[in-house]
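Welcome to a short set of worked exercises. Have your viewer ready, and try each task before you read its solution.

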Amino acid sequence: MPMVTDTFLVGPVSDSLAQPCPAPPALFNKESASSQTRLEDTVLMPGPPSSSLLSCFSLPAGSIQIIPTVSTLPQGLWQISGAGAGLSSIVIYRGEMPQASQTPTSSGPPVHNFPKSPDRPGSTSPFAPSAADLPSMPEPALTSRANLTEDETSPTQSPAALKPSSKLPRWPESVEQFCRSLRDKYQAKPAGPEGILVEVDLVRVRLERSSSKGQERELATLDWAERQPARGGLAEVLLATSDRRRPRETQVIAVLGKAGQGKSHWAQAVSWAWACGQLPQYDFVFCIPCHCLDHRGDTYRLQDLLFSPGLQPRPVEDEVFSYILRRPDRILLILDAFEELETQDGFLHSACGPGSAEPRSLRGLLAGLFQRKVLRGCTLLLTARPRGRLAQSLSKADAMFEVAGFSAQQAETYVMRYFETSGATEHQKRALALLQAQPFLLSHSHSPTVCRAVCQLSEALLELGDEAELPSTLTGLYVGLLGPAAHDSPPGALVGLARLAWDLGRRHHSSLREDQFLSAEVRAWAVARGLVQPTRGGPETELVFSSFLLQCFLGALWLALSSEIKDKELPQYLALTPRKKRPYDNWLEGVPRFLVGLVFQPRPRCLGALVGLAAATSADRKQKVLTRYLKRLQPGRQQVGRLLELLHCAHEALDAGLWQHVLHGLPARLSFLGTRLSPPDTYVLGSALEAAGRNFSLDLRSTGIDPTGLGTLVGLSCVTHFRATLSDTVGLWESLQQRGEAKLLRAVEEKFTIEPFKATSMKDVEDLGNLVQIQRTRSSSEDTAGELPAVRDLKKLEFALGSALGPQAFSKLVRILEAFSSLQHLDLDSLSENKIGDEGVAQLSATFPQLKALETLNLSQNNITDVGACKLAKALPSLAASLVRLSLYNNYICDAGAESLAHVLPDMVSLRVLDVQYNKFTAAGAQQLTASLRKCPQVETLAMWTPTIPFGVQEHLQQLDSRIILR
């Protein structure tokens with residue numbers, strides 16, 4: 001492609017006189033707000049077709065593209081008439097032709113791989129019309145020169161009319177002003193800790209059907225090796241479904257995560273990135289905090305949602321809204337904290353018309369957005385906590401991601417930046433040492449909210465002296481933060497704020513209005529102490545608790561002090577006992593742990609430090625009630641999720657008697673299959689197992705446990721056996737080997753078991769193959785010897801991939817079967833039918849000489865015919881000394897196959913049960929089997945009913961030998 005390197009000349013071919021080029025005019029208007037090159041900042045420079053003078057241009061370095069003249073010239077292209085060479089004119093495109101993988105440059109901090117607009121690859125203009133508005137335009141040119149008449153664009157107009165223009169094409173001034181003010185608003189960063197942005201990882205997730213019998217869906221728990229991080233960052237999230245997106249179709253993307261994981265900060269980072277010019281595919285971004293919307297009785301129009309006076313920086317004219325309605329594909333709408341609208345359930349099925357002007361309820365407006373009837377074609381980005389009925393609302397989302405929280409390195413980065421921002425860099429290393437000295441708080445540092453709270457308390461402690469020490473519980477952390485604020489509070493302010501936090505939490509709200517405070521003095525105190533803060537992007541009259549965990553703590557404080565809560569009602573708020581009638585809605589999910597901590601921890605340094613010792617004595621009676629309740633619980637009978645919550649409550653209590661009661665009731669076999677284990681869960685569980693003084697076996701499959709937590713748990717001396725996902729375990733082994741921890745590696749290998757193993761996916765078969773490969777590598781190595789215990793001790797293997805993947809996966813499985821020398825039970829039956837066929841049976845038969853311990857072989861429902869049955873019969877003598885049960889139920893075996901089996905039956909000296917029901921052999925085959933059965937006194941049962949044999953014949957055969965079973 002030709003490259004522009006400097007000033008160049010364009011003129012008729014006959015012109016041979018070269019003249020010096022004058023100084024170029026100011027062709028490009030560079031905005032000071034951003035250094036990003038924008039295609040609409042170009043100037044149309046036409047040249048008269050009859051002119052014999054050279055046209056001179058000065059262009060920046062880059063590639064040029066020469067194409068035939070188009071009827072409507074896109075913005076960002078220059079037309080040069082009279083180009084010669086048979087062309088009436090040429091068009092020059094400034095810069096490289098856009099590619100899907102290119103990203104625009106920006107003066108702001110880098111956000112990796114920000115994409116260009118998927119439907120307009122040639123334009124980054126926020127004011128260019130869509131491709132739908134310009135149907136005759138070629139694909140690379142999706143923007144036109146607006147506000148130019150036909151005479152201005154005609155290539156045959158007079159030279160006088162073709163005088164070069166230095167003015168930019170203009171869009172409505174009101175639209176430009178609104179866009180500019182919106183960018184200024186999002187570019188403004190909050191001061192202090194709120195302005196610290198540490199990039200967090202996002203992981204693709206999916207919904208799966210709940211384990212209950214209903215149709216409800218819940219967030220799938222992915223194994224660590226299954227996680228698919230969004231390596232492309234924000235760009236990958238916003239283009240997650242672009243390959244499947246239909247033109248002019250709304251795209252719904254959900255970003256999920258637990259409270260305090262940084263979802264709102266991530267939404268703010270998206271808005272900030274757009275304001276810095278890093279999301280050119282969107283003309284406007286609207287970030288709306290949902291807690292500002294949920295007002296009972298209010299009606300909404302679309303413009304009320306987008307242009308709420310408290311959300312937008314300036315009044316909005318109708319012209320702006322009209323432009324948005326014409327270009328919905330250029331709009332990104334962010335609904336932050338969507339779970340606060342959970343009471344508006346059912347909007348996916350609510351009736352909603354396509355109009356956007358008529359007022360409707362919030363549910364109706366949400367229904368229009370989600371049903372793609374209102375603002376159709378926009379990108380709808382939700383952030384929410386994945387709980388309750390919300391999962392049903394997200395079942396139609398095009399893509400879902402989960403905020404993974406801080407890694408250990410990211411938490412350390414946050415601590416360093418916090419003290420750098422506060423100007424106390426001398427405390428950075430000391431603060432990190434304080435955090436690392438408390439393993440429980442360190443495990444909670446994956447939560448940005450807890451990480452910030454730890455930094456705030458560390459800062460206060462380090463200012464008091466060098467003898468600082470962080471508390472060992474979350475309750476102690478928040479008591480330390482609120483203690484100084486409580487000392488200088490107006491009378492009753494803290495208790496009043498606690499009651500407000502509880503009442504709002506029961507209604508699933510976290511925002512407060514000014515008139516809800518006891519007084520203006522209380523409001524000023526709460527704001528000054530950082531307990532509440534103005535809503536970012538919300539009305540000035542609304543405040544919000546500084547964190548969800550703080551609201552939970554205040555709610556628990558109200559329960560601990562309130563005389564309005566009856567003693568007999570208190571245990572229900574721990575949510576440890578299932579209730580069929582009116583179950584407690586645990587929306588404030590942090591309340592149970594904080595409540596136990598506040599009630600049980602010593603009064604002087606807990607409740608007494610907040611409200612005084614005199615007021616704290618009211619909690620004595622509540623402590624007795626909770627003690628009786630908790631000691632009546634039997635940990636061994638608790639569902640694993642409630643068992644984990646009970647362990648957390650016992651840890652927060654710092655009560656030795658309660659802790660020992662829970663430890664004493666722990667069962668020896670603990671299965672957490674399908675229950676997510678976070679870093680704090682792993683720490684509390686490990687502490688309990690170590691303190692119990694007994695041996696345990698753990699099932700950690702499908703828990704999403706991180707490699708560090710997995711290594712910590714399985715490395716405990718009290719854990720004698722454990723099960724975990726094969727890929728996660730292999731990753732742990734490789735990590736230990738790289739770190740040179742040979743002793744721990746051997747211990748983990750000895751404890752690991754896969755008994756019994758059920759393969760339900762191709763990944764399971766591949767992971768099993770990797771495990772066998774590791775053993776083979778070990779066996780060939782000089783410094784290691786012996787089999788892996790997991791491979792050596794496997795006794796039961798089930799294969800259930802179904803007809804779609806069964807034949808392909810079985811060919812991989814059969815290659816490694818001989819490695820399982822202790823295998824006793826091989827089950828190839830599946831409700832969806834594996835259908836390994838005759839070829840699979842032939843492959844399996846070749847492994848029989850190595851399967852010396854095989855006792856049960858189930859080949860039911862596998863599309864086996866006479867060919868497979870004959871091959872199986874030839875190989876069965878290799879299993880004569882071990883095989884006890886053989887099932888060929890529901891296949892296609894005819895008389896030839898039955899005869900082969902009858903011939904080998906007397907050689908199977910250990911066989912006790914043979915099942916050949918529902919096959920295709922006739923009376924002849926049945927008689928062959930019956931005759932052979934007489935020679936096999938060791939066989940106890942022959943199940944032989946099949947619809948191809950007359951019932952009278954079957955009854956006769958059964959009379960001949962009572963071991964024959966019909967049906």
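Among contacts in the chain between residues at least 6 apart in sequence, what percentage join residues at least 24 apart? Count a contact when heavy atoms lie within 4.5 Å. The share is 75%.

Before going on, some ground rules. This is a predicted model, in which local features need pLDDT of at least 70 and side-chain atom pairs count only at pLDDT 80 or more, while totals for chains, interfaces and linings use all residues. Residues are numbered from 1 along each chain as its sequence is written, and side-chain values use heavy atoms, with hydrogens and water left out.

**Exercise 1. Decide which parts of the model to read with care.**

Step 1: Start with pLDDT, the predictor's confidence in each residue from 0 to 100. Its mean over the chain is 79, and 75% of the residues reach 70 or more.
Step 2: Look for weak stretches. Residues 1-63 stay under 50, and the model has 135 contacts beyond four places in sequence for them. Residues 66-169 also stay under 50, with 233 such contacts.
Step 3: Draw the conclusion. Where pLDDT is low, the predicted coordinates should not be read in detail.

**Exercise 2. Take stock of the chain and describe the surroundings of β12.**

Step 1: Helices (H or I, at least four residues) and strands (E, at least two) are DSSP runs, numbered from the N terminus. The chain has 34 helices and 31 strands.
Step 2: Apply the burial classes: buried is under 20% relative accessible area, exposed is over 50%, and partly exposed is in between, with a 1.4 Å probe and protein chains only. Of the 967 residues, 53% count as buried.
Step 3: Turn to β12 (residues 284-289). Because 6 of its 6 residues are buried, β12 is largely enclosed by the rest of the structure.
Step 4: Sort its side chains. F284, F286 and I288 point one way, while V285, C287 and P289 point the other way.
Step 5: Find the neighbour. Strands pair if DSSP finds at least two bridges between them; β12 and β14 (residues 331-336) pair in the parallel sense over 6 bridges. F286 has L333 as its bridge partner in β14.

**Exercise 3. Work out the layout of the sheet that contains β22.**

Step 1: The sheet is open, has 3 strands in the order β21-β22-β23, and its pairing is parallel.
Step 2: At the edges are β21 (669-671) and β23 (719-723), each pairing on one side only. From one strand to the next, the twist averages 15°.
Step 3: Between β21 and β22 (residues 696-699) there are 3 bridges. L670 stands opposite L698 in β22.

**Exercise 4. Classify two helix packings by angle.**

Step 1: Fit axes as lines to C-alpha atoms over the stretch in contact, with angles from 0 to 180 degrees between N-to-C directions.
Step 2: Use these classes: under 35 degrees is roughly parallel, over 145 roughly antiparallel, 65 to 115 roughly perpendicular, and the rest oblique.
Step 3: The axes of α2 (residues 173-187) and α6 (residues 318-326) come within 8 Å and cross at roughly 85°, so α2 is roughly perpendicular to α6. S174, V175 and F178 in α2 meet E319, V320 and Y323 in α6.
Step 4: For α24 (residues 707-714) and α25 (residues 726-739), the angle is about 80° and the axes are 10 Å apart. These helices are therefore roughly perpendicular to each other as well. P707, L710, G711 and V714 of α24 make the contact with D728, T729 and L732 of α25.
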